[in-house]
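Please look through the model shown here, beginning with how one of its chains is divided and then turning to how its nonpolar residues gather.

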Amino acid sequence: MGVEWFIFIAMAVVFCGAVILFRVPVGVAIALGAVSGGLLGGLGARPLEFLRQITEGEMAYFDPTLYILSATIFMVAIERSGLLGTVARWMLVTFHRSPFLLLTAVTLLVIFPGMMTGSSTAAVLSTGALVTPVLMKIGVPRDKTGAIIAMIAVYGLCAPPVNIPALIICAGADVPYLGFALPLTLLSFPPAILCTLWLGHRYAKGVRLEDIESTLPESVHGQYGYRLYLPLILLAALLIGEHTVEWLSHLGLPLIFLLAAASAPLTGRWSDPWSITQDALRRSMAILGILMAIGMFIQMMTYSGARGAITTTCAGMPRSHLYPIIGTSLPLFGAVSSYGAASVLGVPFVLSLLNKDVIITCAALSLCACLGDLTPPSAKAGLFAAAVVKERNYLRILRHCILPAALTALFGVVVIIFANELKFLALYETDAYGVGEGQARVVEPPPHQMLSAAAAPPVKDPMPWLLPLISLLYRLYVGFLAVAVLVFLWRDSGRLTKINALMLLVPLILRFFLVV
Amino acid sequence: MKSTWLLWMTTICLAALITGISAAQETEATTETVATDETESPPDTLMVVIPDEMVFAAPALVTTVGRADGTIVHVICRRAGIDSELIEEVQREDLDGIGTLVVAMGGSTKGLGAAGVDADTEVERGEEVLAMASVADVPILGVHVGGTPRRGELSDEFCEVVAEAADALIVKAGGNEDGFFTEIAERRDIPLIEVGTNAEAIEALADLFGVAEDQ
Amino acid sequence: MEMERRIHHPRLSSVLTALGAVWAAVAAVLFLSAHRMEPLVVGEGVTSIRRLSEWHTPLAGTPGDTDVYVLDSGVEGAKVLITFGTHPNEVASHVAGTLMVENAVCREGMLMVIVHTNASGFTHGDPQEAYPTRFEIERPDGTRRWFRFGSRYTNPVHQWPDPTLHINPAGQVLAGIDSRNLNRCYPGRPHGFLTEQVAWAVCELIRQEDVDLFIDIHEAAPEYPTVNVMIAHERAMELASEALIDLEMGIPGFEINLEPSPLNLRGLTHREVGDSTDAMAVLMETANPSQGRLKGRTTEEQVVEGRDSAYTQAYQHQIEIQARGTGDEASRRILWALPYDSASGTYPLRFRVARHLAGIESLLNALTYHTDRGIAVEGIPDHGDLITQGIGAFLAPPPED
């Protein structure tokens, strides 16, 4: 047990030392921690295996990187087309007298992309960016604005229909992802609205329009008319269509955000797509570097046995400690990854809670895992919220999230404790698969005789050309991004940002050439 | 910025250190406990004398409480030469003309999932079936063939319901290492037959039903 | 907002670009070398080698196509299909499959074996799991055979991108990544994702060849409750019960449980093959520490010897609990019921492979005894021999590269 913990602590010390003593950016520092873990774990003697493991670790975050980049491109595109300012102005003019209504509207707006994408980042970067100027104009300070957006985005991650941590826990414990809609709604929406009101009520006194008139963002509605809103409408339509229209479900988030972004320059103020991309890279590079580095870090934690040591410690505790451990370890493991927390810790927890209603338990565990998006250093929700509100130090934002997050974790644990009492919430959709009450009686087949098969479920088949076409589009997109990152690497002025760009460049090249 | 970072990271490192140390200590503690436990004598094996008059009669109706191992118990009955039928959800009329209700004990998440019921509903249903059997004066034989994997929180609820109502128990040794069934059998003064393998379970069933070996 | 069109730090930039190029090139060589499949020596029992694409032509030439080893006795009888390597990180599966192809001979009926069912999954590893790419097994003469340690999922290079949610062919909603999980894609779709096409091809094979019994071989993390089990479709429940009782009677100390295939967990072989073909479907699982969540460092030794400090510790907790009885509820560990080999506190690969082969043999025998169409297969390595002599004793000498 000892060696693994020693390696883990060494990795953490290298990371902290690099950040505090040498002021290395967080992404590069995490990468250094990962490298030190590999060296201590015995990979120093096998440099080729070391390189392979490090690169494989990076690939864990390849898909998130793509949609984060697409979402950032979308954000920059609607900002430049004038859409962002127009909507913010409209919201302020409409709601400035009833700030509580405004805060609720903000909550619902920001939670929506999170619900549809299962990603807090997507929520922060799309509608989060939209409401930021609104909140700041009614007087919410920069850091609290960031905290509100980050918190709502985390609840959006938990809200149905797409809750990736819940799906991961379900997959690990062989629980069908059925009947989660109501429990997840109740676990995410009420806390989200309460949290926004709690963080924002002090500033919700209402403002006089005349006072802020001069500082309001410019509206370009008069210039472009309703076509200006097309990117937002397209985004919402594609996100909903993804879950309702069969062929749209194959698009994937990166392409959806990219399509919506592509419509922005054409429906509002024109802006050059290449410069939009470069701007998006500049805004997200630090964060993407962190993601890549975290991929390496977890890989090295697993390789050296540190991940197993943490899991074994949590899962090896006496049952009397189970609930406090759930409430703390799941959010804290989010320091490396909230999806990782769901898989590595969430699954053992649900397996040890089999006497509780499994749907309620999974839903509440996923809520605790979602909070991991607020735990530094990765703190995806906090990081991107900081980028959106242009706050340099994301810990200032996270400071305001500690109390609501702790209360939310407590809420999750309480729901688990009362899971059996709450099981009426899990409206089990039995009819969908023909498992009605009356059919539960298993009919024994006559012995020694083959029966003819039951009717196969209807098999819908996509158009044969659809999937290859989408694959090709993705490959082209990745190639474009690789070129863009290479150009960025040469043009950016920060030396250490260039290292982040390098960490991002290698996976893009490898995927473009279909290596891994 | 710098001081906040320092604070955060020191906290995380300290937390990691403390957890690590406590984990290491627990390992030691565990080893010690195992060592002391080994010196203690193992629990006495219950010797069962089955009363002569207690003969379970065919035909048997095989069912489960916990949706596990029904088919296996059914096959065991058949191999023991007992005329039997497997019905997962027993209704009142199914008990007509039945000599013995053989109940497979133990929970299966997959089995409960297959039936689309949760543990509480299954316990209620099990209690109803067992009550129907005692009203109809059908003797109940509880059978546990799943060993350790069919014990634990989920299974124990079902096992308890059945064992508390049964007239006799057949349990594979692996499922009774903690004396769970022994305790209930002693308290209720019912015979408990511990078997090592399914082959022994077949023999035990044949004995209980008074079926000749060669059948 | 316009980007400066100036180059900063040209020397550093060129160094980093060069570094990136070298990094990418070396990594590319390393990753592409994993595309070479482990060697397999075709045994005397194999009468023909067909390709899965023969039953679903669009699969031809894709990374999803794989070899189907046919062991045809020429004598009328039952037809059985066994799939190994559905999840290439469940190593006991494809090692057992290799032993079948290299040793088994069919005397009655017809046996079809797919060793690398998700062929694409063998070409990469799961990010963040830090698996080795290969492991070796020593033969008695000191020569070594190597095997792939692959991924649970189809290689994203072969099937990309993942949807946000995967609604599988049976209608179950799953995480997007499960669109690359073969055992969530049954009964497959003819023009769906590559993984769904592989599932479709397997089902087509079963339908077109009138397969009577289908067996799918898996492993799972030791903490997962469904290990050391058979999972059977309701039409195969009776057959599996017979096989299970025979197994426990035939091999002293052999413990295995039987689970029914859930009706509400769709897309898995035991449910979908049973529902959409005439075959009886059974799936078998053993416990594999190297894919577990509690595992320590994944080494070749952990893979082959099944020794892992974390699982050994968890096993000790279990002994402790059993000795103490269940009365002390609060002091029970959160996870404790781990099915380990009680003698060694480990779970060596040869034990797991032996379990699978014994289970297969028992199912084949049960099919013969309890249905009117029989199958007779000889040469499957014996359970006891495998445990005492090791896997290497039953592997053919490594072929010349």
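The bounds of a domain, as the word is used here, come from an automatic or database domain assignment. The model itself is predicted, and for chain A the assignment gives domain 1, made of residues 61-296 and 305-425, and domain 2, which covers 466-512. Taken over C-alpha atoms, the centres of domain 1 of chain A and domain 2 of chain A are separated by 25 Å.

The two domains touch through 19 residues of domain 1 of chain A and 17 residues of domain 2 of chain A. On the side of domain 1 of chain A that touches domain 2 of chain A, the elements giving two or more residues are α4 (62-81), α14 (253-267) and α15 of chain A. Of these, α15(A) gives the most, with 10 residues, and the residues of that side of domain 1 of chain A divide into 13 nonpolar, five polar and one charged.

Helix α15 of chain A, residues 273-304, also appears in the largest nonpolar core, to which this helix brings the largest share, 17 residues. That core holds 370 residues, and those that touch the most other members are A150(A), V154(A), L365(A), V485(A), V162(B), L205(B) and V282(C). For one of them, V162(B), the residues touched are V65(B), V103(B), M105(B), G126(B), L130(B) and G142(B), when residues up to four places away in sequence are not counted. Apart from this core there is a second, separate one of five residues, among them L112(B), A115(B), V117(B) and A119(B).

Note on methods: Residues are numbered from 1 along each chain as its sequence is written. Chains are lettered from A and ligands numbered from 1 in the order in which they are written. This is a predicted model: local features need pLDDT of at least 70, side-chain atom pairs count only at pLDDT 80 or more; totals for chains, interfaces and linings use all residues. A nonpolar core is a set of buried Ala, Val, Leu, Ile, Met, Phe, Trp, Tyr and Cys residues joined through C-beta atoms within 7 Å. A residue is buried if 20 or more other C-beta atoms lie within 10 Å of its own, exposed if 12 or fewer, and partly exposed in between; C-beta atoms are placed from the backbone. Helices (H or I, at least four residues) and strands (E, at least two) are DSSP runs, numbered from the N terminus. Two residues are in contact if their C-beta atoms, placed from the backbone, lie within 7 Å. Ala, Val, Leu, Ile, Met, Phe, Trp, Tyr, Cys and Pro count as nonpolar, Asp, Glu, Lys and Arg as charged, and the others, Gly among them, as polar.
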